[in-house]
Amino acid sequence: MAILPFTALYFSLFSYVSLFGGSFESINYKPLLANDLLTTPLVAKGLAPLRSPSRASISNPEQGKHQLANNISNIKEHKQQVSQTYSTLSRQDNTIIVRVKSLINTKNTGYFIARIISINDQYCDFCPLVEMRWYKPNLQVQAGQVHQFKVRFKALQGKANPYGFDRQKWRYSQHIAYIANIKQHIKVIDKRVSIRASLYKKVMQATNELSQQGSLLALIFADKSLLNEHDKSLIKQLGIAHLFAISGLHIGLLFILSTVILNALFKQLLPERYLGWFRWRLVNIVGLLVCVSYGYISGFSLPTERALLMLLTSVLVLSSKQKVSLLDLLLLCLWIILMLDPLSILSSSLWLSFMAMSIILAFMWLLQRPQQTAEQKKSWYQAKLQRLFITIKGLLLLQLVLTLFMLPIQLINFSAISLYALPINLIAIPLFSWFIIPLTLLGVLFLLLIEPVGVALFTISDQLLSYFLHYFSILSAGYLMLSQLHIVLILTFILFSLFFLLLSLIQRFFNISHTKMWLLPSILLVFVGIRAVEQKWQNEQQWQLEVFDVGQGLAILIYSDGHSILYDTGPSYGGRYAVAESTVLPYLQARGITQLDYFFISHSDNDHAGGREAIQNNLHIKQAYAGEADLMNQRNNLQPNRYINYQQCISGQVHQLGKLTLTTLSPSSVGSNNNNNSCVLQISDGVNKVLLTGDISKAVEYKLIVENRQSISNKNVNNLQADILIAPHHGSNTSSSLAFINQVNPQWVVFSAGYKNRWRFPVEKVVDRYQQLGIKHLTTANTGFIRFNVQNHHIEVKTYREDLAAYWYHRHLAL
């Protein structure tokens, strides 16, 4: 039992050292306040060292507990110092020297990963990775080069929404510790690029005229930045994305291919009578070297490293002639992976690659069993045909097993399935494994030896890829995005199928009556039925207001008993990427929402309307309203993928949505100030109310106050009162006047703002204004996605970071 706390301690220590780097011997910071620390180690170099358990502590449990308590105390003190250090670093410009890790091309010069060498002229012992962001770069860096930059550090803070891509979790799994916004490039310290980078440049030049250049670079270097959007979408819809992500599947299949070829060559060139038992080991060693070479070219990404480690462990164990069960071997591989890199447990690629490698190893294990041979003699061609038939049958069986066993993991991670994935992969995996990938890798080799031959091999691979994607594109229609309910039903069916299979096996060996056999499944079915009825009743009784974390912007979903309203969409960047694609749409898909009863665009600003086109192209919209409808319709005419006619949002409009009433309070007319044209909505169930305000200023707030006072005196109706207020203009000082807050008198106010945004929303004095009135406030930059469950005077609040996904990596030390 004593090993458990020490294992937890090791995992914690590894995480801190990996994410926050090694010690900086002495970093002199400019004092921010009189009480600020002037010198703070980035890790626990100045603390009492962590000690491994001594013999005395093992023999004396009390002493061991005392030592463990001291170590835990050091970790806590270390954590506090890291937080203080980050706070200091993030408030000043820092001079850092980094070695570039990412491969750079013309499309990603402003974003790359690098490893810190020193910071503020102090050397780093254990250097973390940083995500470098460079607005308008003035030169192109390349992998292997060493540069000096002036940067401002920023904590890792990804957008936190259910069912969307968790970038913060991914960054931690990749050992990325900080974001560094580049202020200035100071100098180049070392111009030399890595062998991999120079090879990357050669391959780019050789494939520049090929239509599938992006796919070839993805297969060789694991660089998908040159894949166009059409090909990315097609690859995903065909269910072959795993073939373009170098991981356990590639390493395993490459090892099988190389060992088969090498075994055939060695059988001819080095007969067994010369090498004896060493021949099979030599085949394994050379096969491993082939896989390691491929791993280097692909950048030794973490999935590749894990696959190589698992393969190496398996080969060593199998070659040692030790008796070991397959289960023990797989558990040993997983234990070694987690001990060398505990953070890999956060990566979905670990489980995908581990599952793929496990299936391949199990398959190879079964193939090693002695096969019965027929007594009669067979001619040489009959033997060859039989071996070919067995090989083809084995490959087909392997693909079938891979597809079936990896289906649950794919459903959980990607919430989608391709109906034609099995037949497509039955062709795609042999095509890629035996032709496209080997030809492409041979092309890299010959590019260094005989360049025309290398170019010719790239051309053949390019043609094969083009033909495959062209002729199989029709099957992309079989790609289905599944709701969370459908996924649960499919996984439940799989679980029950396995359960019944297990029961049938138990019944075969033990004398169990049929009544007892069916008792447990019946109880489980009754429990599932009761839970389904309970969930349906709960959904009918309450309605939900959900505020997405879209960075600096706004997107709100209101859902009530099968009806839904989307208010704003969040921003888009460069017209190519809309935040709604990775936040709003995945969530709606998981909830099974395919249509919107109402779609409101408060006004035309990008941070509110940037994802409009993405929403229009993916959802059926019954009615659409906008604070600036004419402008929205003009934009639709320029991009008429799915035309929707926006109606003008005008004060006095009333809409009914089941038990909810939607009342438009503003604008009364469309003016020149687009913020003041924001569509202001009050949503009420007769008891609880919500006020959505867009980006209105104090002038509109004052106008609403005057109109509301008239409504109270004439009709005794308070249109502004609300339990939940979405703060006007993200908490800008141009809004949220004291008179307006008093009129609304909310219990909760929500600020939808980006983490450390350049406008510093919500402004501190505005937050203080709400706090002085005892109003509880939430900010999406800190909480992520926010859900209000509203039901008869009761409002239940849940946030993504604290309630829905309360994991340590969602609480950065800087928060």
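Helix axes are taken here as lines fitted to C-alpha atoms over the stretch in contact, with angles running from 0 to 180 degrees between N-to-C directions.

**View 1. Packing of helices H5 and H15 in the predicted model.** Helix H5, spanning residues 195-206, packs against helix H15, spanning residues 421-449, at an angle of about 95°, and the two axes are 11 Å apart. Because angles of 65 to 115 degrees count as roughly perpendicular, H5 and H15 are described as roughly perpendicular to each other. On the H5 side the contact is made by Leu199, Lys202, Val203 and Ala206, while H15 contributes Val444, Leu447 and Leu448.

**View 2. A nonpolar surface patch that includes Ile392.** Trp380, Tyr381, Leu385, Leu388, Ile392 and Leu396 together make a nonpolar patch of about 670 Å² on the surface. One of these residues, Ile392, lies in helix H14, which covers residues 380-414. The relative accessibility of Ile392 is 43%, and this residue therefore counts as partly exposed, since that class falls between the limits of 20% for buried and 50% for exposed.

**View 3. The chain as the setting for both close-ups.** The predicted chain contains 27 helices and 25 strands, and of its 815 residues 50% count as buried. Among contacts between residues at least 6 apart in sequence, 68% join residues that are at least 24 apart. The chain exposes about 41,100 Å², of which carbon and sulfur atoms supply 59%.

Key:
Residues are numbered from 1 along each chain as its sequence is written. This is a predicted model: local features need pLDDT of at least 70, side-chain atom pairs count only at pLDDT 80 or more; totals for chains, interfaces and linings use all residues. Side-chain values use heavy atoms; hydrogens and water are left out. Patches are made of residues with over 30% relative accessible area and no salt bridge: like charges are joined within 9 Å, nonpolar side chains (Val, Leu, Ile, Met, Phe, Trp, Tyr) within 5 Å. Accessible areas come from the Shrake-Rupley method with a 1.4 Å probe; for residues, only the protein chains shown count as cover. A salt bridge is a side-chain nitrogen of Lys or Arg within 4 Å of a carboxyl oxygen of Asp or Glu. Helices (H or I, at least four residues) and strands (E, at least two) are DSSP runs, numbered from the N terminus. Buried means under 20% relative accessible area, exposed over 50%, partly exposed in between (1.4 Å probe, protein chains only). Angles under 35 degrees count as roughly parallel, over 145 as roughly antiparallel, 65 to 115 as roughly perpendicular and the rest as oblique. Contact means heavy atoms within 4.5 Å.
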